[in-house]
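Open the model in a viewer and keep the selection box at hand. The stops below follow one another from side chain to side chain.

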Amino acid sequence: MAARKPPVRPVVWRPPRPSRAHRGRVPLPPVRRLPLGGTGPEDVRRDEASGRLLTGVADGRILSVDPEGGPVRTLARTGGRPLGLCPLPDGRLLVCDAERGLLRLDPGSGRTETLLGADGGPLRVCSNAVAAPDGCVYVSDASARFPLEHWMGDLLEHSGTGRLLRYEPGAARPEVVLDGLQFANGVALAPDGSFVVVAETGAYRLTRVWLTGPRAGHRDVFADALPGFPDNLSTGPGGLIWVALAGPREPALDLLHRAPPVFRRALWSLPSALIPGPRPTAWVMALDAAGRVVHDLRRPGRGYRMVTSVCEHAGRLYLGSLVESAVGVVRV
């Protein structure tokens with residue numbers, strides 16, 4: 001049964017003009033599909049040990065996928081809705097489950113343990129995580145107001161209840177590194193561990209927190225005024241930060257944010273099926289360590305749409321989606 005929609009309490013906001021749509025944009029090559037037998041591979045990661053792909057789907061399964069199109073294996077069932085994944089050096093896997101919290105999975109046995117609980121625990125919507133070299137885990141909590149099913153409500157409200165947490169395994173509770181985030185989403189670490197970046201989907205920006213050096217503990221903007229909704233992040237070869245854009249900016253939504261709140265309340269009162277989602281596109285970007293755009297790849301959403309994750313390996317991009325029933329593969 002669908003959860004009842006929480007009411008929205010809109011905050012007036014003036015979105016920045018998109019500044020990252022630039023002349024270097026080129027078409028994303030055609031997307032090859034790796035069927036899964038399940039829907040919504042929201043995040044896709046590569047298991048370095050086996051060379052296979054890892055993803056979670058809407059029915060709660062964690063899947064191991066042959067990148068050449070071979071059989072798909074089920075590693076575990078979380079009993080919730082897995083989102084972000086993070087392979088660990090010891091072969092285990094961190095799983096961000098929107099309903100259960102931050103989990104740790106032993107792929108060999110299929111057993112999961114809860115590190116940080118949801119539904120009254122430290123997390124409300126566990127979205128994405130990355131493990132730092134010192135063993136600490138940085139995990140995003142998307143919204144304190146809206147469950148995953150009603151993520152659009154958080155974007156409409158723009159009240160900024162997302163957080164980035166730092167969890168030291170074995171600690172009783174995590175530390176809040178950042179709060180007031182606009183739907184905290186993807187998390188990525190600099191290759192040298194000097195900073196961590198978190199995507200604020202509802203603000204069209206990437207926010208950075210320095211972990212080492214003279215700026216340790218300080219936050220700044222890594223990339224702002226993005227031309228779409230940033231979702232999951234990953235660190236690729238050469239230190240590039242890859243960004244999945246779930247859809248392009250919507251002028252009507254930007255206009256609503258500037259308008260009196262009554263208009264957003266009226267829109268939210270409509271049945272969910274009548275509220276438009278992101279336009280169908282397949283779009284990814286890559287930024288260097290200074291936040292400059294290096295790659296900007298986009299194509300219409302025919303064949304694959306609403307890209308929510310991107311992972312680069314050996315000249316290929318592996319794509320995830322909240323709505324597709326396959327992992328996407330692109331040669332670059």
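## Starting at an arginine

Select R208 first: with a relative accessibility of 9%, this residue counts as buried. The model is a predicted one.

Keep R208 on screen and add D220. The two form a salt bridge, with 2.9 Å between the closest N and O atoms. R208 belongs to strand β17 and D220 to strand β18, so the bridge ties together parts 12 residues apart in sequence. D220 is partly exposed, its relative accessible area being 25%.

R208 has a second neighbour to show. Add F195: R208 lies over the face of this residue, 5.1 Å from the ring centre.

## The rings beside it

How many aromatic pairs does a search of the whole structure find? It finds five. Begin with F146 and W268, whose ring centres are 6.1 Å apart and whose planes stand at 90°, so this pair is edge-to-face. F146 is in the loop between β12 (137-141) and α1 (151-157), while W268 is in helix α3 (residues 262-268), so the pair ties together parts 122 residues apart in sequence. Both rings can be checked for burial: F146 has a relative accessible area of 0% and is buried, and W268 is buried at 7%.

Now go back to F195 and add W210. Their ring centres lie 5.2 Å apart with the planes at 70°, so this pair is edge-to-face. F195 sits in strand β16 (residues 195-200) and W210 in strand β17 (residues 205-210), so the contact ties together parts 15 residues apart in sequence. F195 and W210 are both buried.

With W210 still selected, add R215. The charged end of R215 sits over the W210 ring, at 3.8 Å from its centre.

For a cluster, select W13, Y204 and F229 together; ring pairs link these residues.

## The nonpolar core

Which residues touch the most other members of the largest nonpolar core? Select M152, L206, F222, L233, W268 and L287, out of 36 residues in that core. W268 is also the partner of F146 in the edge-to-face pair. To see where the core comes from, colour α1, β16, β17, β18 (219-223), β19 (228-235), β20 (241-248) and β21 (281-287): each of these supplies at least two of its residues. In soluble globular proteins, nonpolar side chains tend to be buried together.

Zoom in on M152. Leaving aside residues up to four places away in sequence, M152 touches W268, I275, P276 and G277.

## More salt bridges

The structure holds 16 salt bridges. Select R249 and D254 for one of them: their side chains meet at 3.0 Å, N to O. R249 is buried, with a relative accessible area of 7%, and D254 counts as buried at 7% relative accessibility.

Another set forms a network, in which salt bridges with shared partners join D90, R92, R104 and E113. Within it, select R104 and E113, whose side chains meet in a salt bridge at 2.9 Å, N to O. R104 counts as buried at 17% relative accessibility, whereas E113 counts as partly exposed at 35%.

## An arginine without a bridge

Select R81 next, in the loop between β6 (72-77) and β7 (82-87). Which side chain of opposite charge is nearest to R81, and how far away is it? It is E42, at 6.0 Å; R81 is buried yet has no salt bridge. To see the surroundings, show the contacts of R81 beyond four places in sequence: T39, G40, E42, G56, V57, A58, C96, D97, A98, E99, L148 and L322.

## Last stop

Finish at L54 in strand β4 (residues 53-56). L54 is buried, with a relative accessible area of 7%. Not counting residues up to four places away in sequence, its contacts are D43, V44, R45, D47, L63, S64, L75, L85, P87 and L93. For a distance, pick the C-alpha atoms of L54 and G79: they are 17 Å apart in space, and the two residues are 25 residues apart in sequence.

Notes:
Residues numbered from 1 in each chain as written. Predicted model: local features only at pLDDT ≥ 70, side-chain atom pairs only at ≥ 80, totals over all residues. Heavy atoms only, no water. Helix = DSSP H or I, 4+ residues; strand = E, 2+ residues; numbered from the N terminus. Buried < 20%, exposed > 50% of the residue type's maximum accessible area, 1.4 Å probe, protein only. Lys, Arg positive; Asp, Glu negative; His and termini not counted. Salt bridge = Lys/Arg side-chain N within 4 Å of Asp/Glu carboxyl O. Contact = heavy atoms within 4.5 Å. Phe/Tyr/Trp six-rings, centres within 6.5 Å; stacked < 30°, edge-to-face > 60°. Lys NZ or Arg CZ within 6 Å of the ring centre and 35° of its normal. Core = buried A, V, L, I, M, F, W, Y, C linked by side-chain atoms within 4.5 Å.
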